[in-house]
Amino acid sequence: MSKVLFIVSGATYWVLNDGTRYATGYWAEEFANPYKMLTDAGHDVVVATPGGAIPNVDMMSLRPSMAGGEKGALELEEIIRSAEVMRRPLQLSDVRLEDYDAVYLPGGHGPMSDLAWDADAGRLLTEQLLSGNPLFIVCHAPASLLVTRIHGESPFAGKKVTGFTNEEEDEVGLASRAPWLLETDLKEKVHVKYSRGPKWEPFMVEDGNLTTGQNPHSAAVLGDRMLQLL
């Protein structure tokens with residue numbers, strides 16, 4: 001069986017334009033669905049975070065209204081509770097990519113706060129891209145592509161990528177309060193070839209060994225693709 005590295009945000013808040021600390025973390029669905037799919041198929045998952053911080057679930061993502069109902073929310077909670085790997089993450093600085101068959105980054109607004117600025121995240125993403133081994137990134141986690149730039153140039157420039165849209169950010173009420181917008185900065189600062197599907201619908205883009213998903217509902221689609229490749 002294969003071993004998959006999950007690079008997860010360790011953030012607990014994101015500072016907005018007005019200085020407000022917006023409580024966040026990783027998005028439950030984006031961790032739990034691929035994690036369950038992989039582990040049910042017999043694959044090993046290892047979690048790594050900046051500084052080895054224990055990941056914090058964004059509590060909004062466990063609301064029934066966000067999780068497809070009461071049953072869906074309870075199922076996500078149970079998967080997260082049973083995931084011991086989330087309670088003993090590695091430090092990103094200690095990760096050896098040769099130990100893993102694939103890398104996956106779940107989103108939530110957490111990556112906008114930490115992974116987008118974490119040098120180890122940038123190094124690992126660059127190494128994984130250049131290795132040719134599978135790299136999967138969903139929703140807000142493409143924020144981490146910003147830190148792959150050296151002197152303004154990213155190895156992800158020109159790559160076909162999707163991620164959480166400005167329209168979706170507006171609908172969750174954060175676009176006007178956010179210090180930066182993912183879709184805008186991916187296009188203007190990383191210079192990816194950004195595309196998107198309908199809002200809130202699963203949408204996946206593949207370009208070589210890089211696979212990205214637009215929003216929380218895209219995580220299961222990426223999970224399916226991971227299983228196919230592994």
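A note to self before I start: UniProt positions are given here in the numbering of this structure, and its annotations may be inferred rather than shown by experiment. I keep that in mind because the model I have open is a predicted one.

**Entry 1: the annotated domain.** I looked up what UniProt says, and its unreviewed entry places the feature "domain: DJ-1/PfpI" at residues 29-222. Over that stretch I read 31% helix and 14% strand. The C-alpha atoms at the two ends of residues 29-222 lie 12 Å apart.

**Entry 2: helix α7.** Next I went to α7, which spans residues 219-229. Which of its residues are buried? I found A219, L222, G223 and M226. These four sit on the same side of α7, because they cover an arc of only 105° around the axis. I then asked what the buried residues of α7 pack against. My list has one helix, α1 (28-40), and the strands β1 (3-7), β6 (102-105), β7 (135-138), β10 (204-207) and β11 (210-213). I decided to follow some of these strands in turn.

**Entry 3: strand β1.** I checked burial for β1 and noted that four of its five residues are buried, so it counts as mostly covered by the under 20% relative accessible area cut-off. Then I looked for its pairing partners. With β4 (residues 44-49), β1 pairs in the parallel sense over five bridges. Here I7 stands opposite A48 of β4. With β6, the pairing of β1 is also parallel, over three bridges. In that pair, L5 faces V103 of β6.

**Entry 4: strand β11.** Is β11 covered on one face or on both? I found both: L210 and T212 are buried on one side, and T211 and G213 are buried on the other. That pattern fits a rule I like to keep handy: in a regular strand, side chains alternate between the two faces of the sheet.

**Entry 5: the neighbours of β11.** How do β7 and β11 run, parallel or antiparallel? They run parallel, joined by four bridges. L135 has L210 of β11 as its bridge partner. On to β10: four bridges join this strand to β11 as well, but here the two run antiparallel. M204 stands opposite G213 of β11.

**Entry 6: the turn.** Finally I looked at the link between β10 and β11. The two strands form a hairpin, with two residues between them. I checked the backbone in the turn, and G208 has a positive phi of about 65°. Coming back to where I began, both β10 and β11 are among the elements that the buried residues of α7 pack against.

Notes. Residues are numbered from 1 along each chain as its sequence is written. This is a predicted model: local features need pLDDT of at least 70, side-chain atom pairs count only at pLDDT 80 or more; totals for chains, interfaces and linings use all residues. Side-chain values use heavy atoms; hydrogens and water are left out. Buried means under 20% relative accessible area, exposed over 50%, partly exposed in between (1.4 Å probe, protein chains only). The arc is that of the directions from the helix axis to the C-beta atoms. Contact means heavy atoms within 4.5 Å. Two strands pair if DSSP finds at least two bridges between them.
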